[in-house]
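Me: Please give me a close look at one part of this model. I would like to know what it touches, what is buried in it and what comes just before it.

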Amino acid sequence: MKLRPRTISTVAMASTLALILSYIESLVPLSFAVPGIKMGLANIAIVFVLYRLGEKEAIAVSLIRLFWVAVLFGSFMTFLYSLAGAALSMTVMIILKRSGNFSAVGVSVAGGITHNAGQIIAAVLLMETAQIAYYLPVLVVSGTVTGVIIGIVSALLINKIPKNLV
């Protein structure tokens, strides 16, 4: 598969945008009431790329963002947790998008919920305790709410940005 220069530049711009959104999100902590809750603003870029460019490109944006967020703002452990969440999330989002039965909002909600589930699974395995799973219902609610918001913004971008620009 030969990549077009436009595709490469769009993946690079989306990765940069996802990284910037991750940084902005780190400056505005939502976890004052419930630890670990984040909006997932970077997923705007990932859902957009999934719908506009394709699966491989969305995976590339996700992995590039994960790597640079861990290098610049996190640690190896945050990378592992994020990778587990992202892997499960991308898998589910790709399956749901392929089915044709879900809108970008539905795909985003499923992505938000499964990202949180993937992180909980990683935490259970890495911490060797199942007690952390008690936190999953809270994360399902937050993943649903943030998934709707991210999905709406992504859908607006998908519909408003002309296809010939990406």
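Reply: The buried residues of α6 pack against two helices, α2 (43-52) and α5. Packing here rests on contact, meaning heavy atoms within 4.5 Å. Helices are DSSP runs (H or I, at least four residues), numbered from the N terminus. The model is predicted, so local features need pLDDT of at least 70 and side-chain atom pairs count only at pLDDT 80 or more, while totals for chains, interfaces and linings use all residues. Residues are numbered from 1 along each chain as its sequence is written, and side-chain values use heavy atoms, with hydrogens and water left out.

The buried residues of α6 are L139, S142, G143, T146, G147, I150, G151, S154, A155 and I158. Buried means under 20% relative accessible area, exposed over 50% and partly exposed in between, with a 1.4 Å probe and protein chains only.

The length of α6 can be checked too. The expected span of a helix is 1.5 Å times one less than its number of residues. For the 25 residues of α6 that gives 36 Å, and the end C-alpha atoms are 35 Å apart, which agrees.

Before α6 (136-160) comes a loop that follows α5 (104-127), and E128 lies in this loop. E128 counts as exposed because its relative accessibility is 72%. The backbone of E128 also deserves a look: its phi is near 55°, a positive value in a residue other than glycine. Most residues other than glycine have a negative phi.
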